[in-house]
Amino acid sequence: MGSFKALVVDKGEGGQSVGLRDFDAADLMEGDVVVRVSHSTVNYKDGLAVTGKAPVIRRFPMIPGIDFAGIVETSSHPDFAAGDAVLLNGWGTGETHLGAYAERTRVKGDWLLPLPAGLTAAQAMAIGTAGYTAMLCLLALERHGLAPAAGPAIVTGAAGGVGSVAIQLLARAGWSVIASTGRPAEAEYLRSLGASEIVERADLAAPGKPLAKERWAAAVDSVGSTTLANLLAGTRYGGAVAACGLAGGMDLPASVAPFILRNVALLGVDSVMAPRALRHAAWTRLARDLDPATLASMTTTVSLADVPAVARAILAGEIRGRVVVEIDG
Ligand code: NDP
């Protein structure tokens, strides 16, 4: 294989640095499948990793990038053969294992899924880890027994990646969707995805009462902190909040009142170590339920060289929807 182009994060005395360079294939990590990566994405966690704002990267040098789609080049795994179209989310790629921002990667076949029928590699990465996590949130709410008849669903961080896909999925499943955003200028965009009501981020960000007016039956939260506390406080009797993110903070200054007085449930959602069966279920449904035109309308495409700038922008809350990274080679 020789060498290939990769975005590499190094750590020196001055801290973390990132740049495009040739990477020697002999330095790839252990795995039974080599994939020619065609597309990746920039998720919030990638922003943290590439900028070094949080200790996402656990070994150096690291090729960041937590998700990819591509074609199998060589495989000794029984489920995959050369030429298969595959995708990967999480499992430590871009954190502990050399990741996606490269023309080649070597991973464990157990981490790969076949590219779902009906999706191109570019569409799968327009969904990416953010969209797959949005589906995990919806599945968690449904497993809890919630359906649109219970009342509206609220989505926080609405104009971001998880938020944008969550709005579409909930609306397609018949929910009346409230979108919470700090970017009121994106109201039309959020309505085009399926939101029927827009609320200001600030309404949920300030510390509130342990119990508030019951406004929604379900929530998908990518923000955390006081926002998550206020979501719990405003959830209807028997409702649930699926919590997957920390864009507003890692703390949770809440009380137990919604749990013990309103039977509200807090559902944790992790995409990184989610079991294969759940991943299959999520991706099959994503391929079935998302409208390709709406997905395209919330997606921007960039090159590998653009990733550091996009990483800074996503942490600044400036990215709308999803960003696909097209990888040549
Ligand atoms: P994005 O940056 O695309 O979206 C986050 C959104 O949150 C922003 O667009 C913005 O939405 C809002 N936001 C940003 N900063 C703040 C703030 N300080 N206070 C309140 N709201 C804010 O990121 P992703 O959608 O990729 O990820 C969202 C979150 O979910 C991240 O914390 C990420 O780490 C987490 N995540 C977790 C996963 C898991 O496995 N549990 C998997 C994937 C993501 P707006 O402008 O509309 O208000």
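1. The ligand in this predicted model is surrounded by 25 residues, and the closest of them are Val162, Thr181, Gly182, Arg183 and Ser271. A good way to begin is to find these five names in the structure and to see where the ligand lies among them.

2. Sorted by class, the shell around the ligand is made up of 11 nonpolar, 11 polar and 3 charged residues.

3. Which helices supply at least two residues each to this shell? Both α2, which runs over residues 121-143, and α3, which runs over residues 161-172, do so. The largest share comes from α2, which gives 3 residues to the shell.

4. Several polar atoms of the protein can be followed to oxygen atoms of the ligand. A polar backbone atom of Ser271 is 2.7 Å from a ligand oxygen, and a polar backbone atom of Gly161 is 2.8 Å from a ligand oxygen. In the case of Arg201, a polar atom of the side chain lies 2.9 Å from an oxygen atom of the ligand. As for how much of the ligand is covered, the ligand taken alone exposes 910 Å², and the protein buries 88% of that area.

5. Attention may then turn from the ligand to the protein surface, where Val256, Ile260 and Leu261 form a nonpolar patch. Together these three residues have about 320 Å² of accessible area. Where does Val256 lie in the chain? Val256 belongs to the loop between the strand β12, residues 235-243, and the helix α7, residues 257-262.

Conventions: Residues are numbered from 1 along each chain as its sequence is written. This is a predicted model: local features need pLDDT of at least 70, side-chain atom pairs count only at pLDDT 80 or more; totals for chains, interfaces and linings use all residues. Side-chain values use heavy atoms; hydrogens and water are left out. A residue is near a molecule or strand if one of its heavy atoms lies within 4 Å of it. A polar contact is a pair of N or O atoms within 3.5 Å; within protein, one must be able to donate a hydrogen and the other to accept it, and residues adjacent in sequence count only if both atoms are side-chain atoms. Accessible areas come from the Shrake-Rupley method with a 1.4 Å probe; for residues, only the protein chains shown count as cover. Helices (H or I, at least four residues) and strands (E, at least two) are DSSP runs, numbered from the N terminus. Ala, Val, Leu, Ile, Met, Phe, Trp, Tyr, Cys and Pro count as nonpolar, Asp, Glu, Lys and Arg as charged, and the others, Gly among them, as polar. Patches are made of residues with over 30% relative accessible area and no salt bridge: like charges are joined within 9 Å, nonpolar side chains (Val, Leu, Ile, Met, Phe, Trp, Tyr) within 5 Å. A salt bridge is a side-chain nitrogen of Lys or Arg within 4 Å of a carboxyl oxygen of Asp or Glu.
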